[in-house]
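This report covers internal spaces, helix packing and a few individual residues.

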Amino acid sequence: MKFSENWLREWVNPSVDSATLADQLTFLGLEVDEVLPAHPGFSNVVVARIDKIRPHPDAKKLRICEVDCGMSDLVQVVCGAPNARLGLITALAQVGGVLPNGMKIKAAKLRGEDSSGMLCSAAELGLSESNDGIMELPDNAPIGEPLSGFLELNDNVIDIELTPDRGDCLSIRGIARDVCAKNDVSMLLHEITNVPSQHEQLWPVRVEPSSSCVRYCGRVVQNVDVSQASPVWMTERLRRAGVRSINPAVDVTNYVMLELGQPMHAFDLDKLQGPIQVRLAGEGESLELLDGRTVKLSGDTTVIADDSGAIGIAGIMGGNSTAVDENTTNILFEAALFLPEKTIGKPRQYGCHTESSHRFERGVDPKLQKEAMEYATGLLMNIAGGEPGPVSDWQDSTNLPLGESVRLRRSRLKRIIGVEPDAKNVEQILKRLGIGIERHGDDWQVKPPSYRYDLRIEEDFIEEVARVNGFDALPRTSPVHRPVFQDVKETFVPPLAIKQQLQHRGYQEVVTYSFVDADQQNTLRPDLAALPLANPISNDLAVMRTTLLGGLLDTQRRNQSRQVTSLRIFEMGLRFLQASDSVTDTIMDADFHDDLQIGHGLIQQSMLAGLAVGQDKPEGWSAKTREVDFFDMKADLVALLSHASGSNISFGASALDTLHPGQRASVLANGKPVGYIGRLNPGLLKAVDLNEAPIVFEIALKALQAAKLPAASELSKFPQVRRDLALQVDSQIAWADIAACIHDVAGPMVQSVTPFDVYAGDKVADGKKSVAISLILQDFSRTLEDQEVEAEVARVLEALTTSLGAELRA
C-alpha cells in the first residue's frame, strides 16, 4: 500500500523524521518496502496562464501561446498540445529549467517562431503515466507560483507491505493508530459530522440471507455536478497512492477507502431499474464489468443486482451498466460489509483483484459503513454540490464479525515475552490501539476493536504489547547450556553409515515424494491400501506411498527417456501403512518398524530401497561388462547385512507378486521377514513404462541398524583340514536348510561351511541337484588326527541324510 507521508501526519504527527517513521512502521510489522520523494525531480516549473493564442503560420498542429507566468511581460511559447486554449492555467517549464528525464529547457526557434519555455504535460513532469495534453490546473491556481509548492510536492511516498492479517492497516487511519501507540501520542482530531438530509428519497434494498452481505448502507444524492474537477489536494493524494482521478463521485469513494478503510461504490441512480438486490448469482448469469470485460458468474458469487440483472460483483467490481459518467446528476452511494470467508478467492476466479476486494478479503470494520457514508457525502457536496437524502442502514446483527473478550494473564504475558510486564504500559498500549481493557487483579479482560479481525486468542494480545514496545527493546539474555553426556550405543548403525556403504558400492541416493500416483501404487502393491490425500498437489500425487519402489521406478523411467540405461540408486525414507495392513504385510514386523501412530489409523515405517539395472560396471577396455543380475544386488545387500550382525539374517522363499517368480527372495531377521529382493515382475513393465526389468530390494531400516560389539578372537596356530563333500538332495531344498543342519550337529572344530558348486542335469536324478560343499576343520590346542576329522564328517553326513535325505555322490 502506498500513501503520502503528509497525509498520515495529518492524523498523527510524532516528533520523528521520515527515516525514523519508516523504521517504526517496519518494527510495528508494517514493513516499509521503500520511501520515495513525491517530487519527481523537475526544476524551474511554474503555474502559468495562456492569455493569447494563435495558429503557427508554418505548422498546422502548432500554436503560438503568449503565457502569463507572473512576470511583467508575457512569454511566447510554441505548443502542439490539442488542449491548449485561451485562459487555460497550466505548467510552464521556464528557460533554464530541467525536466525529470534530464532535459534542459532552452530558448529556441520552432519553424521560425521564438519559444521561450515549454508547456508541460503531467507525464513530462513525472506526475502521471498518461500523456493526453498539457497539464490542466484549477482556475484558482496562483499565477507564477512554483508548481512544486502549489502541488505540495515536499512530501514522501511510503510503500508498505502488509501481512494478510492486518487488513485494518489498509487505510491512513489504521496506520495512524499503530503510530499513535508506538509514540504514545493522541490521534489528531478528525471529526466526521452527519450531513442532514435535504429530501426523503430512500432507494429500496433487499438482501438475501444466503449472500455474503451482513450490512448495507445506501444514500441518494440528487443534483450532483460531476463535471466539476476534483480538488488538487485530493487528486494528488490519490495519485501518490497509485489511484487515478476519474470524476468527483468516483474520486470521493476512493479517497474514503484509502483514508478510513471502507470500500464504497457510486451508482448512477437514473440507470438503476428497480430496487437494489444483494443476492447470489444465477447459474449462467453474466455481467459486463467496469473494465469492459464480460464475465460469467458462478452460483456461489454474491452480486449487486436490480430488476435488469446483475450490476456488480459484491465487494469486487461494479458493472458498466450503472457506472457514473459525465451525464450523471443523481447518485446512489453504497457502503457495505461483505464477509471475508465468502469473498476470498472470488477476485482470482474472475481475474479482477481490486483495492476493494483486497480489503474485503481481509476484513472491513463492521461499524464503519455509516461513518464512511457521512464522510463521503460531505466531501462530494463540497466538490460537486448535491442534495443528500437519508441513509438507509440494513444489517444482520447476528452475523456481524465482532470479536469476543479474552482473559489476558500477566503470568502468560511474562512467559511469552520473557520480561516482567509493566501493567501501566500494557494498559496504555492496548488503549492506544483501541482495545477494550478491564483490570481484574493481576490480569486483564480484553476485547478486540471491531476493525481487528486478527485478535482472537490471548497470544494475539501479547503480540500487540511486544510489537509496540519493540522486539528490539527486549533484553538479550544468553541461554545457559548445561551439557549432559549420554551413552552412545556402539551397537547402533546410523543411517549415514548405511548410505556411505551403498555409495562405496556404486549407488547414488535419490529423494522422491512421499505422495505417489494411486494407479502406480495399486500396480506395485495391490495388497496394501494407500491413504488418499484430501487436497493432493496433483492427480499423480494423490496417495501416500506404501512402498519406496514407485519413486525408484520413476527415476529409472526418467533416466531411460534420456538414454541412461545403467543405474544404481537407493532411497531411505518413510512409507505409510494402514494399521490393518500391518498384520498382513510381509515386511511389517513389530520389531522392525517405528511404531508411531500418526492419525487416520496410519503407521509410518523407515525403509531402505535400492534399484540396479543395466551393466554391472562402466564400459572399458580392461574388462568385459555384463547385465547386472539378482546375485549382484544380493551381494550388495549381504554386505549391508553383514554390519547388522545383531540379528540372524537369512534369505527365504517369497510369494510377492511384484517380483519375478523365479528371481525373488524374502529377507529374514531372526526368522521374521524384514524385506525382499528380486527382479521386477516382467508383467509390470508396461504398466510402469519401462523397457528393462530392474533388480530391486526393500528392507526395514531397523533391520540394518542392530550390530554386535566388535570382539577379538583367538587365531589358531595349528593347521586347517579341508574336506569336500558332493551331496545329492531334492531340488527344492535350499542352501540355508543344508547350512542350518550342519551347524546344528557340527562340533567346535568345524570352522566354516561353504558351497562351491551346484549342478543339476546329466548323471543326477530327476528332481535332484548336486551341491558341493567344503568343510574347514581346525582346533585351537592341537593338530587334528585323521580319525577325528573322519568322525566329524561322518556325523555331518548322517545328519544330512536323516534330516534332508541327502546322499553322498561318488
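A pocket, as the word is used here, is an open set of grid points with protein on both sides within 12 Å along at least five of seven lines, and its lining residues have an atom within 4 Å of a point. The model described is a predicted one.

**Pocket and cavities**

The largest pocket has a volume of about 1600 Å³. Its lining is made up of 42 residues, and those nearest the centre of the pocket are Ala122, Met135, Glu136, Thr235 and Ser245. Two helices, α5 (232-240) and α6 (248-260), each contribute at least two residues to the lining of this pocket. Of these, α5 provides the largest share of the lining, with five residues.

Apart from the pocket, searching the whole structure gives two cavities of 30 Å³ or more. The largest cavity holds about 130 Å³ of space. It is lined by 15 residues, of which Gly167, Asp168, Leu260, Gly261 and Asp365 are the closest to its centre. Helix α4 (residues 172-183) gives the most to this lining, namely three residues. The second largest cavity, with a volume of about 50 Å³, is lined by Ser212, Thr301, Thr302, Ile313, Ala314, Ile316, Lys342, Thr343 and Lys346.

The linings are compared by residue class below.

| Lining | Nonpolar | Polar | Charged |
|---|---|---|---|
| Largest pocket | 18 residues | 15 residues | nine residues |
| Largest cavity | five residues | five residues | five residues |
| Second largest cavity | three residues | four residues | two residues |

**Arg173 and helix α9**

Arg173 belongs to helix α4. With a relative accessible area of 12%, Arg173 falls under the 20% limit and therefore counts as buried. Beyond its neighbours within four places in sequence, Arg173 is in contact with Trp11, Met187, Glu259, Leu260, Leu368 and Glu371. Among these contacts is Leu260, which is also one of the residues closest to the centre of the largest cavity.

Helix α9 (residues 355-362) has the buried residues Ser356, Ser357, Arg359, Phe360 and Glu361. The elements that cover them include α6, β20 (331-338), α7 (340-343) and α8 (346-350). Just after α9 comes Gly363, which takes a positive phi of about 110°.

**Packing of α12 against α13**

How are two packed helices described? The terms are the angle between their axes and the distance between the axes. For helix α12 (residues 423-432) and helix α13 (residues 458-469), the axes come within 10 Å and cross at roughly 95°. Angles of 65 to 115 degrees count as roughly perpendicular, so α12 and α13 are roughly perpendicular to each other. On the α12 side the contact is made by Asn425, Val426, Ile429 and Leu430, and on the α13 side by Phe461, Glu464, Val465, Val468 and Asn469. By class, this contact between α12 and α13 has six nonpolar, two polar and one charged residues.

**Cys65**

Is Cys65 buried or exposed? It is buried, with a relative accessible area of 0%. Cys65 lies in strand β4 (residues 59-68). Leaving out residues up to four places away in sequence, Cys65 touches Ile50, Lys52, Ile53, Val75, Gln76, Val77, Cys79 and Leu119. Between Cys65 and Lys489, which are 424 residues apart along the chain, the C-alpha separation is 95 Å.

Terms used. Residues numbered from 1 in each chain as written. Predicted model: local features only at pLDDT ≥ 70, side-chain atom pairs only at ≥ 80, totals over all residues. Heavy atoms only, no water. Axes fitted to C-alpha atoms, helices over the stretch in contact; angles between N-to-C directions. Helix = DSSP H or I, 4+ residues; strand = E, 2+ residues; numbered from the N terminus. Parallel < 35°, antiparallel > 145°, perpendicular 65-115°, else oblique. Contact = heavy atoms within 4.5 Å. Nonpolar A, V, L, I, M, F, W, Y, C, P; charged D, E, K, R; others polar. 1 Å grid on protein atoms, 1.4 Å probe; cavity = no way out; pocket = protein on both sides within 12 Å on 5 of 7 lines; lining within 4 Å. Points joined across faces, edges and corners; volume = space filled by probe spheres on them. Buried < 20%, exposed > 50% of the residue type's maximum accessible area, 1.4 Å probe, protein only.
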